[in-house]
Amino acid sequence: MTTIRREVLTLPAAPPGPDNPLPPLRPLDEAHRIDDRDRAELPRDMARQVDYAPLRSLLPVQVRDGYGREREPGALDALVIENDRLRATVLPALGGRIASLHHKPTGRELLYVNPVLQPANFALNGAWFSGGIEWNIGATGHTTLSCSPVHAASVPAPDGGEMLRLWEWERLRDLPFQVDLWLPDGSDFLYVGARIRNPHERPVPTYWWSNIAVPEDRRVLAPADEAWHFGYERRLRRVPVPEHEGVDRTYPTRSTYAADYFYEVPDGRRRWIAALDGNGQGLVQTSTDGLRGRKLFVWGTGPGGRRWQEWLTEPGTGGYCEIQAGLARTQLEHVRLEAESEVSWLEAYGPLDTPSDGDWHTVLRGAEDRLEAALPRAGVDAAHAAWLPHADAEPGERLATGSGWGALEVLRAGWKLPGTPFDEDTLAEPQRPWLQLLRSGSLPEPEDREVPGGTLVARPWRDMLETTAATPLAEYHLGVAQWHGDDRAQAVRSWERGLRSIERAEAADDAGHVTAVGRWPLLRCLAVADREEGHHERAADRYAQAFADLCARRPDDPRDTDGDGRWAAVAAALGGEAIGALLAAGRPADARAVWERLDPATRARGRFRLTEAELLAAEGRREEARAVFDEGFEVADLREGDESIGSLWARLDDAPLPARHDFRMRPDRG
């Protein structure tokens, strides 16, 4: 019978660190957008879904960029579900990731298991790590829940045993979801029942891709003769499978550059994808037809792809690729989920043993026959039907606790969500001011020198902010919500009103009392608005004023004030933005003044070593800027597709970019 138990994994880990306290007001720096030249060639349904509600903003989620690259042995809470054939290890504090899927009879690990936990800037909100099976919900890109906790509990399984339920509230689209894992007695396949619900009275865009990391020395099989190729040149093109440009691309190590291959699985064909080694052994994933898409992602053999592979784990560790399954053909699309409706499907993961080398269609027929013998297609459909009545079953023993955002939304709207309780006892400090706004109609006054928390931006919360007392803090949050709603003129007016309110309060106090809410949060928002409108000089002025105000209000020892490093985090975030804005305005002397006021520990971080080199270059001190590269630095939060290091190097030196700094994921222009 299936058992579920707790376990602790110990491995070298870099802590995720504090979230960036500044609201992410600028558009997403997202690589997954297609060139307009390719739109006319898309099938009509794909084109419609590519254009349907792409994510424009990360709000209300905050950026997670406080991690580094210093790893120490760390203990990770894990939940293990197993029967006599399979053992799955789940990390509830890290998005419910399946870290390992071990097949007992053969002693084989079916996934790529990362030996370290190293956050890197691949999730929509920053911190992400590689390996295992992750559940990507929300919008194009890795989920914002990659390094966040989810709720977990045991639930009765369809066969009378136990299953492990994971659930959370996805904040980008305001949707609850669940993932149920169970192992029928004697089964070689892990069953995964997934459901996304839309409790709103309006349609909502949704997105799902199950992302499976497997060793890259495999051949990837999927029932298709064509695929949509998408690379970091942002071109989406239909290409033949398996061979494209004279190379069989179903072998991940035969591609030079990082790329996605979204397989065009014909209607009516069984949905599956497999990654098999030279002996024909490996993992297969299959599902009910609702999970339509299948994809292969390769890093490529070029220097950039190899560097990223090293960056995400340890040198000398075997590389990996990703096989994936999603609701649409490609990850560039979002699917319409009608009002007060839901979408569900069932996936199955297990071993497959079948010849992988040889003629494509012969190999596919053999693989499909072996899969059908091991797990009939009708059996997957039957398992889905058997699971659905259990999807609403109330959880039993609580095994892990996620965030309190779902509880707050359920309190606000009064929704009934059987099977996924968002209980009031999960409400925590981040929800405290919003709970008071909900219950009393007012935001609590901030404590002295408190850094403002995140803002809720959905229309019901914006309506509450518009009717509450117009304090500086309320004007700040209201402006952020208005900005998210693309009402930018109103946002600017709200932030300006907040500033005037602070100025009046301080002018009226003969003792020169400093207000609890500083000018800097409002000035920084106005500076971002100026940059977006092309007013670079005014943006630079406001950034300089914001940073000066922050420095005047910071405690003497910011590291010990709140216990979670928020003051140090906000000083680094605001200082970095201010330097960038001042350099963009051609004011290196003012940028240098900001640099000098940053903490030494902040200036020593890799991101700020790169900033220092940019500042030195702007000051005309090219040799000193070049010396920063010689001394060495690592930008822990370097963004996927970011080419800033290479661009600066090209300004300083004609020599090839050093391998340790080469993260380029596309061919050189030219």
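**Fold and local features of the predicted chain**

Ala88 counts as buried, because its relative accessibility is 1%, and buried here means under 20%. The model in which this residue is described is a predicted one. The place of Ala88 within the chain is strand E3, which comprises residues 86–91. Leaving aside neighbours within four places in sequence, the residues in contact with Ala88 are Leu79, Val80, Ile81, Ile98, Ser100, Leu101 and Leu190. Trp182 stands 94 residues from Ala88 along the chain, and the C-alpha atoms of these two residues are separated by 9.6 Å.

The setting of this residue is the chain as a whole, in which 17 helices and 27 strands are found. For 670 residues, a compact globule would be expected to have a radius of gyration near 26 Å, and the value computed for the chain, 26 Å, agrees with that expectation. The C-alpha trace spans about 85 × 65 × 50 Å along its principal axes. Of the 670 residues, 59% are buried, while the area that the chain exposes amounts to about 26,200 Å², with carbon and sulfur atoms supplying 48% of it. When contacts between residues at least 6 apart in sequence are considered, 71% of them join residues that are at least 24 apart. The chain carries 82 positive and 108 negative charges, and the mean positions of these two sets are 3 Å apart.

A second buried position is provided by His334, for which the relative accessible area is 2%. His334 is located in the loop that runs between strand E24 (320–326) and strand E25 (335–337). Not counting residues up to four places away in sequence, His334 touches Gln49, Tyr52, Ala53, Pro54 and Leu55, together with Gly138, Ala139 and Thr140, and also Arg173, Pro205, Thr206 and Tyr207. With regard to Thr140, the backbone nitrogen of this residue lies 3.2 Å from a polar atom of the His334 side chain.

Particular backbone geometries are also found in loops of the model. Leu59 and Pro60 are joined by a cis peptide bond, with omega about 10 degrees, and Pro60 belongs to the loop between helix H1 (44–50) and strand E2 (72–82). A cis peptide bond with omega about 10 degrees likewise joins Val241 and Pro242, and in this case the proline, Pro242, is situated in the loop between strand E17 (236–240) and strand E18 (243–244).

Positive phi values are a further backbone feature. Asp174, although not a glycine, has a positive phi of about 55 degrees, and its place is the loop connecting strand E10 (162–170) with strand E11 (175–182). The relative accessibility of Asp174 is 12%, and this residue therefore counts as buried. Glu245, which is not a glycine either, has a positive phi of about 55 degrees and is found in the loop between E18 and strand E19 (247–248). Unlike the buried Asp174, Glu245 counts as exposed, since its relative accessibility is 65% and the exposed class begins over 50%.

How values were computed
Residues numbered from 1 in each chain as written. Predicted model: local features only at pLDDT ≥ 70, side-chain atom pairs only at ≥ 80, totals over all residues. Heavy atoms only, no water. Helix = DSSP H or I, 4+ residues; strand = E, 2+ residues; numbered from the N terminus. Rg over C-alpha atoms; globule rule 2.2 N^0.38 Å. Buried < 20%, exposed > 50% of the residue type's maximum accessible area, 1.4 Å probe, protein only. Contact = heavy atoms within 4.5 Å. Areas by Shrake-Rupley, 256 points an atom, 1.4 Å probe, with all protein chains shown as cover. Lys, Arg positive; Asp, Glu negative; His and termini not counted. Charge placed at Lys NZ, Arg CZ, Asp CG, Glu CD. Polar contact = N/O pair within 3.5 Å; in protein donor to acceptor, adjacent residues only side chain to side chain.
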